[in-house]
Amino acid sequence: MATNISSITINASTEKVWDMITKPEYVKRWQFGSQLITTWEIGSDIKFKTEWEGVIYEQWGKVLLVKPNELVKYSLFAPAPGREDIPENYFIMSYVLTADKGQTILNIIQEDNRPGSVQEEPQGEENPVLNLLKQLAENG
C-alpha cells in the first residue's frame with residue numbers, strides 16, 4: 001500500500017483550520033472550485049464535484065471518522081477509464097490537526113491500496129494546494 005503524506009504548519013488555531021477543511025464554502029476556495037457535499041456524519045456519503053474546462057468530475061465515498069478540530073477520515077473513489085466502483089478501488093484520506101504553540105500542524109494522509117498506486121515523497125510547503133489552504137487560514 002502506498003501511504004502519501006503532506007504536512008504543513010499553519011499560523012492559525014485548529015478551529016480555524018478545521019473550518020477550512022470541513023466547510024464547503026472554504027474547501028471550494030482552496031480546492032480550485034471543488035464543491036464538497038456531505039453532512040460529516042459517520043457513515044454518510046461524501047462527494048467532491050469539480051468543473052474543469054466544461055467537464056464535471058466527481059469523486060465520492062463515505063465518512064469514516066470525525067473528531068472535531070482533530071481528525072476527519074473518509075474513503076474516496078476517483079473514477080477513471082477501466083476503474084470499477086468496487087471497494088478495492090477506493091483510497092482513504094485523513095486530515096490530522098495538531099495544535100502546537102498557537103499554530104496548527106496539518107497532516108494529510110492518503111492510504112492508497114489501488115493497483116498502480118505509487119509511494120511519493122512527502123510534500124509540504126512546496127505543495128500549491130496546501131499553500132493556498134495555509135494562506136486562506138492565516139489571512140481569511
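**Close-up views of a predicted model**

**Figure 1. The loop between β3 and β4, with Glu53.** Glu53 is situated in the loop that runs between β3 and β4. The structure shown in this and the following views is a predicted model. The backbone of Glu53 has a positive phi of about 50°, although the residue is not a glycine. Glu53 is classed as exposed because its relative accessible area is 70%, and the cut-off for that class is over 50%.

**Figure 2. A nonpolar patch on the surface formed by Trp52, Val55 and Tyr57.** The residues Trp52, Val55 and Tyr57 together make up a nonpolar surface patch, with a combined accessible area of about 350 Å². Trp52 belongs to strand β3, which covers residues 45-52. Is Trp52 buried or exposed? With a relative accessible area of 56%, Trp52 is exposed.

**Figure 3. The salt bridge between Lys47 and Glu58.** Lys47 and Glu58 form a salt bridge in which the closest N and O atoms are 3.7 Å apart. This pair connects distant parts of the chain, since Lys47 is in strand β3, Glu58 is in strand β4 (residues 55-67), and eleven residues separate them along the sequence. Lys47 is partly exposed at a relative accessible area of 29%. Glu58 is likewise partly exposed, at 27%. Strand β4 also contains Gln59, a residue that counts as partly exposed at 29% relative accessibility. The C-alpha atoms of Gln59 and Lys47 are 5.7 Å from one another, although the two residues are twelve positions apart along the chain.

**Figure 4. The salt bridge between Lys134 and Glu138 in helix α3.** In this pair, the closest N and O atoms of Lys134 and Glu138 are 3.2 Å apart. Lys134 and Glu138 are separated by about one helical turn because they stand four residues apart in helix α3 (residues 128-139). What does relative accessibility say about Lys134? Lys134 counts as buried, since its value is 16% and the class is defined as under 20%. Its partner Glu138, at 28% relative accessibility, counts as partly exposed.

**Figure 5. The salt bridge between Lys23 and Asp19.** The structure holds four salt bridges, and one of them joins Lys23 and Asp19. The side chains of these two residues meet with an N to O distance of 3.7 Å. Side chains of opposite charge can pair when their charged atoms come close. Lys23 is partly exposed, with a relative accessible area of 33%. Asp19 also counts as partly exposed, at 23% relative accessibility.

**Figure 6. The largest cavity and its lining.** How many cavities of 30 Å³ or more does a search of the whole structure find? The search finds one. Rolling a probe the size of a water molecule over the atoms shows where empty space is left. The largest cavity holds about 50 Å³ of space. Its lining consists of Ile21, Val27, Trp30, Gln31, Leu36, Trp40, Phe48, Val72, Tyr74 and Tyr95. Two or more of the lining residues come from each of the elements α2 (24-30) and β5 (71-77). By class, the lining of this cavity comprises nine nonpolar residues, one polar residue and no charged residues.

**Figure 7. Trp40, a cavity-lining residue with a positive phi.** Trp40 is one of the residues that line the largest cavity. The residue sits in the loop between β2 (35-38) and β3. The phi angle of Trp40 is near 65°, a positive value in a residue other than glycine. Trp40 counts as buried, since its relative accessibility is 16% and the limit for buried residues is under 20%.

**Figure 8. Leu106 in strand β7.** Leu106 is part of strand β7, which extends over residues 103-112. Is Leu106 buried or exposed? Leu106 is buried, with a relative accessible area of 0%. The view also includes Leu71, which is 35 residues from Leu106 along the chain. A distance of 9.7 Å separates the C-alpha atoms of Leu106 and Leu71.

Key
Residues are numbered from 1 along each chain as its sequence is written. This is a predicted model: local features need pLDDT of at least 70, side-chain atom pairs count only at pLDDT 80 or more; totals for chains, interfaces and linings use all residues. Side-chain values use heavy atoms; hydrogens and water are left out. On a 1 Å grid over the protein atoms alone, a cavity is a set of points where a 1.4 Å probe fits but cannot get out, and a pocket is an open set with protein on both sides within 12 Å along at least five of seven lines; lining residues have an atom within 4 Å of a point. Grid points are joined across faces, edges and corners, and a volume is the space filled by probe spheres set on the points. Ala, Val, Leu, Ile, Met, Phe, Trp, Tyr, Cys and Pro count as nonpolar, Asp, Glu, Lys and Arg as charged, and the others, Gly among them, as polar. Patches are made of residues with over 30% relative accessible area and no salt bridge: like charges are joined within 9 Å, nonpolar side chains (Val, Leu, Ile, Met, Phe, Trp, Tyr) within 5 Å. Accessible areas come from the Shrake-Rupley method with a 1.4 Å probe; for residues, only the protein chains shown count as cover. Buried means under 20% relative accessible area, exposed over 50%, partly exposed in between (1.4 Å probe, protein chains only).
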